[in-house]
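Colleague: I would like a close look at one part of this model, the salt bridges. Please take them pair by pair and say where the partners sit.

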Amino acid sequence: MIDSIRMILQESHADLCGKFCHLLEPFLLSLAKTSKPITLKHCNQIHSKLITSQCTSQLHLTNTLLRLYSKCGHFRHAHHLFDQMPQKNVVTWTTLISAHLRSGSFTKAFHMFNLMRGADEKPNEYTFSVLLRACSSPSLLDVGLQIHGVLVHYGLERDKFAGCSLVYMYFNAANDVDDACRIFHELLERDLVTWNLMISGFAQVGDFSVVKRLFSEMWEVHGLKPDHSTLVSLLKCCSSLREVKQIHGLASKFGADVEVVLGSALVDLYAKCGDTSSCRKIFDSMEEKDNFIWSSIISGFTKNSRGEEAVHFFKDMCRKKVKVDQHVLSGTLKACVEMENLNTGVQVHGQMIKYGYQNDCFVASVLLTLYASFGELADAEKLFRRISNKDIVAWNSMILAYAWLDQGSAHCMQLLQELSRTTSQIRSATLVAVLKSCKSKSDLRAGRQVHSLIMKSSVSHHTLAGNALVHMYSECREIVDAYKAFVDIVWKDDGSWSSIIGSYTQNGMESEALELCKEMLADGIAFSIYSLPVCISACSQLSAIDVGKQLHIFAIKSGYTHDVYVGSAIIDMYAKCGNMEDSDKVFVEQLQPNEVIYNAMISRYARHGKSQEAIEVFSRFEKNGLTPNPVTFLAVLSACSHVGYVEDTLNFFTLMVNKYKIKPESEHYSCVVDAFGRAGRLEEAYQIVHKYGSEPAWRTLLSACRNHNNIKVGEKTAMKMIELYPSDHTPYILLSNIYTGEGKWEEAVKWREKMAKINVKKGPGSSWLI
DNA sequence: GTAGGGTTAG
């Protein structure tokens, strides 16, 4: 078509002069309608022809040219033409206003509207329609209301187009159902689009009964056949697979073709109901696939823990040279986060740069989470800083990234302060994210600051915030405060009870924990997959096998035994109570044993001193393609060190660091120290503690020195401990015991006296059995 | 000749 225009334009001026306007008109019209790109050069050529053939007075032609200039985004040329036009009508003005609105230049559009009214040009229903459509976000509602006033002045409130845009605005910008309904009922004429607007408005608000009523009125009373739009709104009201299938069925009943828009909505809904095979069928049946449908299928599979396939779709897209957009990128990255797949993430990062989305808020928020989960905090922060318009989710992602780190609370608090400078409204999700960074006593100050912020803010009654506070105090070993925070929660849910019971269990208050279990049940909250493991764990530590068995029976009845956390708690409970047979049975019943279950099995053997068995489980673990985590290594290392397998301990330690790239924590070092200690290799043990040690590691070393009566290492260990932990009585006692063991009574008494002098007291011994 | 509704992501 553009070629034909070019041919016409190349004809001589004489041939065209009289008939040019007549000939050009259909071409101009078809150009204006085409979806193919039109260049400025084409517009300029047509413009010059219009001038030379003296057609500029033909308003409909110049209006169309104006539309062409606006369509290809050349507002300067459009304005130039506009200024040159000897005559203008309402279409001229509306075309330019609409073009500005489409490009997002609201100020320019409203300025043009004022100029229009100043020039005594009367706006019509089209003018109002485009203006009101632009005012459909809450921030522009004020302007919209003023325009509504002007529209009433011109008597256009009951017009189908103008009124329809009003309905849209009241729903979207004001959430004002009543005004939207009033305008709808007063409209002189209502077509399918008008009905769809009402249906979609109520679907958005969540008033599904009205949606159904409107739908049957539209179809049964007015005989209007639903189209894609109607069905998409109906889909929003579905809460079960059965309902989704019904709507899908309606599409064929009404002959509505499942094209990309309805297809995307269906894929999304089927995915939410877990029916990925239906998603796949719809996706495969699409002849024309757009970004919406690709993005829907990718996120649909991700939602159902099918990240591999989601990534496969993404790669397929890239192979087919489909241009990816920000939705596709963020959806794919989400899959990478869930699968812990950094390699694909890096590839997606490449595409992100290629298509210019590196500063996109949605994409960067997921990518930073991915990098942070691999410990690449500097890269994560770089991504965060580059986001041009950071929204609250981006801030929360960055805060959570630091919250995973040890001692991340300082970073989180800094970010919180920085955020407070940009907004006065801090939401509970952000505060909960900061609380997650408070994991030990040293973070308590930050935790308390957040607590006071919560009390001062409007989220103080939020259950989520309360639960996070209980958890924070528990992690910081402030049990009294944890309980106070628990009492303050107005609506205690399953999470609140699980947190406080877990807190008691982890802090040696198992009996109290079981008392709380009873209170929870009395409060009408049943056991869940969250509260059961903590309650079972309380039984394990009390060796309360009778209660534990009851909880196991409850887990069986409610079908919770397949949950890995419930399962591992039961395995652990029976093992701790010495009942290995039942523990084994529960392990065998696991349908898909994962890391958590295997860790429970390894720890179980470690505790019973069955190192060989623990090592065997570890090999099975690896054979099953699972990746051991720090807890796995802690279990297997302690299994080896407890029985003095020095070589095995060192091999596993090396495996952890070199193959699995896990950074050893103080507990892992303690195991190595223990192994050396038991083998009498005290000097090597001392070197490790000296470099990486923590308080428990020092204690382990000291008791090893006692067992081997090694005065040389024992002395320097005790001295170091007295320096590091002056209020601890252990080094004095152990030193004194070492001397006693060697028959050096005087030295032994000297250390006992020293201890008495500086007022360090040994707690009285106690027995579990009496 | 200017205009309206519907789909996807963190």
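Modeller: What follows goes through some of the salt bridges in this predicted model.

The count comes to 31 salt bridges. Side chains of opposite charge can pair when their charged atoms come close.

Start with E478 and K441, whose side chains meet in a salt bridge at 3.3 Å from N to O. E478 lies in the loop between α29 (463-475) and α30 (479-488), and K441 in the loop between α27 (428-436) and α28 (444-456), so the pair ties together parts that are 37 residues apart in sequence. E478 is partly exposed, its relative accessible area being 21%.

A salt bridge also joins the side chains of D481 and R448, with 3.0 Å from N to O. D481 belongs to helix α30 and R448 to helix α28, and the pair links distant parts of the chain, 33 residues apart. D481 counts as buried because its relative accessibility, 16%, is under the 20% cut-off. R448, by contrast, has a relative accessible area of 35% and is partly exposed.

These two pairs belong together: K441, R448, E478, D481 and K484 are linked in a network of salt bridges.

Elsewhere in the sequence, D572 forms a salt bridge with R607, and the closest N and O atoms are 3.0 Å apart. D572 sits in helix α35 (residues 564-576) and R607 in helix α37 (residues 595-607), so this pair ties together parts 35 residues apart in sequence. D572 is buried at 15% relative accessible area, while R607, at 39%, counts as partly exposed.

Note on methods: Residues are numbered from 1 along each chain as its sequence is written. Chains are lettered from A and ligands numbered from 1 in the order in which they are written. This is a predicted model: local features need pLDDT of at least 70, side-chain atom pairs count only at pLDDT 80 or more; totals for chains, interfaces and linings use all residues. Side-chain values use heavy atoms; hydrogens and water are left out. A salt bridge is a side-chain nitrogen of Lys or Arg within 4 Å of a carboxyl oxygen of Asp or Glu. Helices (H or I, at least four residues) and strands (E, at least two) are DSSP runs, numbered from the N terminus. Buried means under 20% relative accessible area, exposed over 50%, partly exposed in between (1.4 Å probe, protein chains only).
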